[in-house]
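Dear colleague,

Please find below the structure that I am handing over to you. My account of what was found in it follows directly after.

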Amino acid sequence: MIEELLSFVNKEVQIASALETICGTLVSVDGTAVTVRTSEVFGYENGSYSIIQLRFISYIRLL
């Protein structure tokens with residue numbers, strides 16, 4: 001599963017868990033969690049980030 005998620009890095013995704021649905025740019029994937037940049041000022045790397053544990057994710061899809 002990690003290999004498939006790595007192909008989504010730097011792409012716009014929607015991630016759903018039991019508690020919320022988040023849209024943003026997938027920044028990184030590791031063995032336990034994904035990091036998503038949820039807002040961005042164009043031309044800068046700042047923004048809000050969400051770290052979501054893989055075990056809580058219901059689905060991830062490209063937007």
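I begin with one position in a loop. N10 lies in the loop that runs between α1 (2–6) and β1 (12–17). Please bear in mind throughout that this is a predicted model. The phi angle of N10 is near 70°, which is a positive value in a residue other than glycine. Most residues other than glycine have a negative phi. Is N10 buried or exposed? With a relative accessibility of 62%, N10 counts as exposed, because the cut-off for that class is over 50%.

As to confidence, the protein chain has an average pLDDT of 88, and 89% of the residues score at least 70. Among the elements, β5 has the highest mean pLDDT, at 95, and α1 the lowest, at 89.

The overall arrangement is as follows. The protein chain contains one helix and five strands, and from the N terminus on its elements run α-β-β-β-β-β. The five strands form an open sheet, in which the order is β4-β3-β2-β1-β5 and the pairing is antiparallel. β4 (49–53) and β5 (57–62) stand at the edges; each has a single partner strand, so one side of each is left without a neighbour in the sheet. Neighbouring strands of this sheet are turned against each other by 45° on average, with direction ignored.

The pairings may be taken one at a time, beginning with β1. β1 and β2 form a hairpin, with three residues between them. The two strands pair in the antiparallel sense over five bridges, and I15 has I22 as its bridge partner in β2. β1 also pairs with β5, again in the antiparallel sense and over five bridges; here the bridge partner of Q14 in β5 is R61. β1 is mostly covered, since five of its six residues are buried.

Towards the other edge, β3 (residues 33–37) is joined to β4 by five bridges, and these two strands run antiparallel. The bridge partner of T35 in β4 is I51, while that of V36 is S50. Which residues of β4 make up its covered face? They are S50 and I52, whereas Y49, I51 and Q53 make up the uncovered face. The two bridge partners just named therefore belong to opposite faces of β4, S50 to the covered one and I51 to the uncovered one.

Two residues of β2 deserve a closer look. T25 is found in strand β2 and is buried, with a relative accessible area of 9%. Leaving aside its neighbours within four places in sequence, T25 is in contact with N10, K11, E12, T35, V36 and R37. The loop residue N10 is thus among the contacts of T25.

S28 is also found in strand β2. At 32% relative accessibility, S28 counts as partly exposed. Its contacts, again leaving aside neighbours within four places in sequence, are A33, V34 and T35. S28 and N10 are 18 residues apart in sequence and 8.2 Å apart in space, C-alpha to C-alpha.

I turn next to the interior. In soluble globular proteins, nonpolar side chains tend to be buried together. The largest nonpolar core of this model has 13 residues, of which L5, I15, L26, V34, I52, I57 and I60 touch the most other members. β1, β2 (21–29), β3 and β5 each supply at least two residues of this core. Which strand gives the largest share? That share, three residues, comes from β2. For L5, the contacts beyond its neighbours within four places in sequence are L26, V29, V34, L54 and I60.

Some totals for the protein chain complete the account. Of its 63 residues, 35% count as buried. The accessible surface comes to about 4,300 Å², and 55% of this belongs to carbon and sulfur atoms. Among contacts between residues at least 6 apart in sequence, 35% join residues at least 24 apart.

With kind regards

Note on methods. Residues numbered from 1 in each chain as written. Predicted model: local features only at pLDDT ≥ 70, side-chain atom pairs only at ≥ 80, totals over all residues. Heavy atoms only, no water. Helix = DSSP H or I, 4+ residues; strand = E, 2+ residues; numbered from the N terminus. Buried < 20%, exposed > 50% of the residue type's maximum accessible area, 1.4 Å probe, protein only. Pairing = 2+ DSSP bridges. Axes fitted to C-alpha atoms, helices over the stretch in contact; angles between N-to-C directions. Core = buried A, V, L, I, M, F, W, Y, C linked by side-chain atoms within 4.5 Å. Contact = heavy atoms within 4.5 Å. pLDDT = per-residue confidence, 0-100. Areas by Shrake-Rupley, 256 points an atom, 1.4 Å probe, with all protein chains shown as cover.
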